[in-house]
Every structure is written in structure tokens, then in C-alpha cells.
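Work through the exercises below with the sequence and the model open. Each task is followed by a solution in steps.

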Amino acid sequence: LLGHNAIFRIPLFREWCLMHGHGSAGRDTCLYLLGRGDSIALAPGGAKESLECEPGTMRLVLQNRKGFARLALRTGAALVPVLGFGENDLYSTVQFEKHTWGRAIQERLQ
């Protein structure tokens, strides 16, 4: 399981993740795993897309997110598109309007 680099900055949680085989979703980790024939699952929208979730909507963030396709071409890995439905209706999140201090903090932390 791969995750955002930020989760590996949390003391002790980082060690727990690494001990259980988790890693960063960074390019180097993906190249290493794909190069040895492993499969990976990525959410190209990532943390930016998570800021756009609210019940009853589905917003995809794919503009300027082509690195995953380049990695697949470079390593010969197959791309299998998958789309999940309804997760925005399952969880409550704190939504700040764009251009507010709360949203600025969220964007800075992602």
C-alpha cells in the first residue's frame, strides 16, 4: 500500500507503516515496485482531489496528472482504469470555501 509522503513525516507512524510493507507513492518507489513486476494502485487526484469532495458530487482532478501514465510506459506496466462511486456520500469532511484561511491551511498541508 502506497501513501502520500506527508504520512511518513509522523514519528512512529512512519516506522509502523514501513514495518508493514507500506511506502511512499513517490516516483522512485513506484519505479522500483513496477520494475520488479509488482502491481500498484494509485489515485492520480490525490490529496488535491480530496479537498473537492462533498456529498452528491464527483470531481476528478486529472489535469497535469500524467506522471502515472509515463511510469507505466517506462516500465511496461498495464494501466487498468478503475472508478469508485459514492465515497463522497459516506464520509463527512470539513469543507472551506476557496480563498479562505481554512482552505489555505488545508492546501498547504496536503
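## Exercise 1: a side chain in helix α5

N88 is buried, with a relative accessible area of 17%; buried means under 20% relative accessible area, exposed over 50%, and partly exposed in between (1.4 Å probe, protein chains only). The model is a predicted one: local features need pLDDT of at least 70 and side-chain atom pairs count only at pLDDT 80 or more, while totals for chains, interfaces and linings use all residues. Residues are numbered from 1 along each chain as its sequence is written, and side-chain values use heavy atoms, with hydrogens and water left out.

Task: place N88 in its element and list what N88 touches.

Solution.
- Step 1. The element is helix α5, residues 87-90. Helices (H or I, at least four residues) and strands (E, at least two) are DSSP runs, numbered from the N terminus.
- Step 2. Leaving out residues up to four places away in sequence, N88 touches C53, E54, P55, T57 and M58. Contact means heavy atoms within 4.5 Å.
- Step 3. For T57, a distance can be added: its backbone oxygen lies 2.8 Å from a polar atom of the N88 side chain. A polar contact is a pair of N or O atoms within 3.5 Å; within protein, one must be able to donate a hydrogen and the other to accept it, and residues adjacent in sequence count only if both atoms are side-chain atoms.

## Exercise 2: the chain as a whole

Task: describe the order of elements and the extent of the protein chain.

Solution.
- Step 1. Six helices and two strands are found in the protein chain.
- Step 2. Read from the N terminus, their order is β-α-β-α-α-α-α-α.
- Step 3. The C-alpha trace spans about 45 × 35 × 25 Å along its principal axes.
- Step 4. Of the 110 residues, 18% are buried.
- Step 5. Take the contacts between residues at least 6 apart in sequence: 47% of them join residues at least 24 apart.

## Exercise 3: strand β2 and helix α2

Task: is S24 buried or exposed, and which residues of helix α2 are buried?

Solution.
- Step 1. S24 belongs to strand β2, residues 23-24, and counts as buried at 19% relative accessibility.
- Step 2. Beyond four places in sequence, S24 touches L2, G3, N5, F8 and T29.
- Step 3. A polar atom of the S24 side chain lies 3.1 Å from the backbone nitrogen of G26.
- Step 4. In helix α2 (residues 27-35), the buried residues are C30, L31, L33 and L34. Their cover includes β1 (2-3) and α4 (67-75).
- Step 5. Just after α2, G37 has a positive phi of about 90 degrees.
- Step 6. G37 and G76 are 39 residues apart in sequence, and their C-alpha atoms are 9.4 Å apart in space. G76 is in the loop between α4 and α5 and counts as exposed at 66% relative accessibility.

## Exercise 4: salt bridges

Task: how many salt bridges does the structure hold? Describe three of them with the exposure of their residues.

Solution.
- Step 1. There are four salt bridges. A salt bridge is a side-chain nitrogen of Lys or Arg within 4 Å of a carboxyl oxygen of Asp or Glu.
- Step 2. R14 pairs with E15 at 3.4 Å, N to O. R14 is partly exposed at 34% relative accessible area, and E15 is partly exposed at 40%.
- Step 3. R36 and D38 form a salt bridge with their closest N and O atoms 2.6 Å apart. D38 is partly exposed, at 28%.
- Step 4. R103 and E107 meet at 3.2 Å, N to O. Both lie in helix α6 (residues 101-109), four residues apart, about one turn of the helix. R103 is buried at 6%, whereas E107 is partly exposed at 38%.

## Exercise 5: positive phi outside glycine

Task: where are L12 and H99 found, and are they buried or exposed?

Solution.
- Step 1. L12 is in the loop between β1 and α1 (13-19). Its phi is near 70 degrees, a positive value in a residue other than glycine, and L12 is exposed at 69% relative accessible area.
- Step 2. H99 is in the loop between α5 and α6. H99 has a positive phi of about 70 degrees although it is not a glycine, and H99 is exposed at 83%.
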